[in-house]
Amino acid sequence: MRGVNVDVLNPMGEVAMKQKNLLVFTTLLSLVVILPVFAMLIIFSVRYNASSKKKAAYKPNWEGNKAIEAVMWGIPCVIILVLSVITWQSTHDLDPYKKLDSDVKPLNVQVVALQWKWLFIYPDQQVASVNLLQIPKDTPVNFTITADAPMNSFWIPSLGGQVYAMSGMSTQLSLIANKTGDFKGSSANLSGSGFADMNFTARSSSQVEFDAWVATLKNSKNQLDAVSYKELAKPATVDTPLLYVLTQDGLYDTILMKYMSHGSHHVQVEGTE
Amino acid sequence: MSFFDGLLGRLSIDYLPQDMITQGGAASMALIGLFAIAAMFYFKKWTWLWENWLTTLDAKKIGVMYIIVAVIMGLRGVADALMIRVQQIVGSGGGEFVNSDTFQQVFSAHGTIMIFFVAMGLMFGLINLVLPLMIGARDVAFPFLNSVSFWLFVAGMILINISMMIGGFSPGGWLGYPPLTGLEYSPGPGVDYWIWSLQIAGIGSLLSGVNFLTTILRKRAKGMTLMKMPIFAWSVLVAMVLVIFAFPILTATLGMLGLDRLMGMHFFTSDAGGNPMMYINLIWAWGHPEVYILILPAFGIFSEVVATYCQKRLFGYKTMVYALFAIMFLSFIVWLHHFFTMGAGANVNAFFGITTMIIAIPTGVKIFNWLFTMYRGKINFRSPMFWFFSFVMTFTLGGMTGVLMAVPAIDFQVHNSLFLVAHFHNVIIGGVVFGYFAGLAYWFPKIFGFTLNERIGKYAAICWGVGFLVAFLPLYALGLMGATRRLDHYDASTGWQPLFIVAGIGVAIIAFGIFLQLLQLAVSIWQRKSNLDTTGDPWNGRTLEWSVPSPAPFYNFAISPVVTSRDPFWEQKEAVKRGEKPEKLRYEAIELPKNTGVGVIIAGFAFLFGFAVIWHIWWLAAVGVIGVIVTVIIRTSNDDTEYTISADEIEKLDRLARAGKGQTA
């Protein structure tokens, strides 16, 4: 049982680390404005209270002062200017579509949001799993993400921010785990009655353990092909992770293309009856 | 297809509520409604109700009705909030107070009701009560349209309440994203209730936007140039421009979703060329201006309240006006910040992030201006100032978390989490709700002729201020712990439950604050004889509404005022103190609109149309549409819609009112 973890503030990977640093910096910058506002509110409330015993100055017609107005526009403008530059730079640096800088060969994972579970397809390893995302430590993972369900959002807070999973669309995200461990993953967008059960585990392990896991799946009795996928995609939740050997090439693309036709998307997946 | 299929569409007893909580809610609502109707019969008050309230075109009375509806819906919205809190406490490890389906309807109803019927209702209510008086007008520009707007609002309100009794509500959240709310995933009537309730109420809002904007531009007292207008009037002007530009987007978008659902079209489906992302863009192109529509009049209220209770001119009047316009323009170019995570490229995300941050500048300037109004003022800490104090503390915090989320890379980690939920409640409760509560306390004596009990009002404000922090600070933490919004259960191993318990205590404190507000109203009515506002000016006010007797007469001003400066009533009092004699003005005849029930009838047909479309009862839908059109045609061909009060009559009424024996019509 994991202890209480403030995932966003305890990053386990480089992407989440950068996002946390941004959060801390922006908070501190905002305090430059927030703290004086709180101070003025309290000080003015006390000093100029009509029922206070100490007599304070009373200037009923004083309604403007160029110096004060210059400061009250100026300082926020400077802060927002600084923040804008940081926003431009960080938005590009942390663009989910941007691949991570690394010498290590990235792992490709295709993610499909279903009702109400997550399917992870490892096209290069020819395995697949449901609700368990095992990845090797210090390896960039390139996710391509879609849905065969209402709109969802793919989120592992310990490793980095989320991206929407949408049927008929393919989004991308790049994350990296710099520590080993089990990290919580979930769907961050309402997708129907079972959506609260769309939790998955992102398990970061050594490369050796990852290879062993892949080997286990390759020997699995469960095959993921067009037929078993159709079963899997039916609305239901899953109590323990499912593990598959992948026997259908291009399954992700087939799922994506279902929504590209001009008819209803109840077109049969190729290979079924 | 049998005769009954055609007669009743898809209406059937299968759609009655299946779970105990909804059954209990529906039964309570039905009982209360029946009790109210029975009481009306018993006390023989139907004629009085019809003649004095349902058919009135007096903006002040329409305002009171808006506020009553908003308060009643607020109680329902808070009940929803309590249910959400309870479920999220017992949901640790999968416990169930309400099942998942009901929970999703509860939070969807909570958000929809609070925004569309509580916040909008309080806003239009207060504007109706105050705006004409404040600018020296007798009523709004289009009094009949005002009545239509109100009754369409009521029609939407009735639809959303009926959903609890039969059919259930949408489980798709307050903004109803497809494909979840499309025909494939939500074929039942719930989403249709959501669409048509908002569509009908939304038309009412759009009409009010036109009405109030015209009122400000065309009905100001002689001499009141725009730059002499009170800031509340400016804030309403800007908000109504936003209404006029934004609400048509809502109408079109809900219309397209309706076509998808009714006729199998493909605007927002995932397949056949549809695009749910388009819905999200459109709905937020409305949605973002909407939240500014709600907050700007609240800001306007604080400008009036702070200046009055600090007994000082508002600091930086011109800057306040410029800031309002800056916010108005900017609010149309920030909408994408609601979905940074939908995969737009970095250039697009960064652009919208930066525009979002820029809005913080004029908003911050307004807060500084209020603070500098306090500086070297003589502050009377009446309850509206308690609301103002809470507002500055709360709203500033919410603004800060908004700036945080405006950075797309940060937003990726907090979007759709409880951090987001905490942020928007922070600014809506701290800004919109506290502002409207301050306005209600401030202007109550002008409308009803007696002041509210001060002590209970202050306790209520303290409960709300403290309760808000206890209820929502834990949610910020939960969001950072990875807690998504709208979950009805979670693993016990997450350790989230203690924070949900604290949040639940916070909502209980707020609920106690609401109880105090209701108590305040009851006690104030009980004690009204000892709290009469005999002068019409209980707060040593600055603006024109305080120059008429309390309660304000149905004609507002016996003699239309002539204005020569800002804060005209304050300047008038100062002139009297200096010994200047006021100019003697003559009474003149006044034309006022006659009462009419046409607004009720139009809304009645609109309600029938909405209900019919939801349940696929096509003949009834046709009746609804034709009924509206025919009623409008009959009304527009009616030339006898006004009556005149002679100058002598007015003089008599005015002398009576000023002698303290005044009556409203």
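User: How much space lies in the second largest pocket?

Analyst: Rolling a probe the size of a water molecule over the atoms shows where empty space is left. In this predicted model, the second largest pocket holds about 1200 Å³ of space.

User: Which residues should I click on to find its centre?

Analyst: Go for B:P561, B:Q572, B:P582, B:E583 and B:L585, the closest to the centre among the 31 residues that line the second largest pocket.

User: Which helices supply at least two residues of that lining?

Analyst: Look at α17 (568-577) and α20 (647-661) of chain B. α17(B) gives the most, with 7 residues. As for chemistry, the lining of the second largest pocket splits into 16 nonpolar, 5 polar and 10 charged residues.

User: Now the enclosed spaces. How many cavities of 30 Å³ or more are there?

Analyst: The count is 6. The largest cavity has about 170 Å³ of space. Its lining is made of 16 residues, and B:P230, B:I231, B:L314, B:Y317 and B:D567 sit nearest the centre. α9(B) provides the largest share of that lining, 4 residues. By class, you'd find 6 nonpolar, 3 polar and 7 charged residues lining the largest cavity.

User: And what lines the second largest cavity?

Analyst: Residues of chain A and chain B do: A:A149, A:P150, A:M151, A:M166 and A:S167 are on the list, along with B:P179, B:S270, B:N275, B:P276 and B:M277. This cavity has a volume of about 50 Å³. Its lining has 7 nonpolar and 3 polar residues, with no charged ones.

User: Let's turn to the two chains. How do I read the area buried between chain B and chain A?

Analyst: The size of an interface is often given as the accessible area lost when the parts come together. Here about 8000 Å² is buried between chain B and chain A, and carbon and sulfur atoms give 69% of that. Chain B puts 89 residues into the contact and chain A puts in 90.

User: How many salt bridges and polar contacts link the chains?

Analyst: There is 1 salt bridge between chain B and chain A. A:E63 pairs with B:R313, with the closest N and O atoms 2.9 Å apart. Counting residue pairs in polar contact, with both residues at pLDDT 80 or more, gives 25.

User: Which element gives the most to chain B's side of the contact?

Analyst: α11(B), with 18 residues. Elements giving two or more residues to this side also include α5 (100-134), α9 (276-309) and α15 (454-480) of chain B. By class, chain B's side has 49 nonpolar, 28 polar and 12 charged residues.

How values were computed
Residues numbered from 1 in each chain as written. Chains lettered and ligands numbered in written order. Predicted model: local features only at pLDDT ≥ 70, side-chain atom pairs only at ≥ 80, totals over all residues. Heavy atoms only, no water. Contact = heavy atoms within 4.5 Å. Buried area = accessible area lost by both parts, 1.4 Å probe. Salt bridge = Lys/Arg side-chain N within 4 Å of Asp/Glu carboxyl O. Polar contact = N/O pair within 3.5 Å; in protein donor to acceptor, adjacent residues only side chain to side chain. Nonpolar A, V, L, I, M, F, W, Y, C, P; charged D, E, K, R; others polar. 1 Å grid on protein atoms, 1.4 Å probe; cavity = no way out; pocket = protein on both sides within 12 Å on 5 of 7 lines; lining within 4 Å. Points joined across faces, edges and corners; volume = space filled by probe spheres on them.
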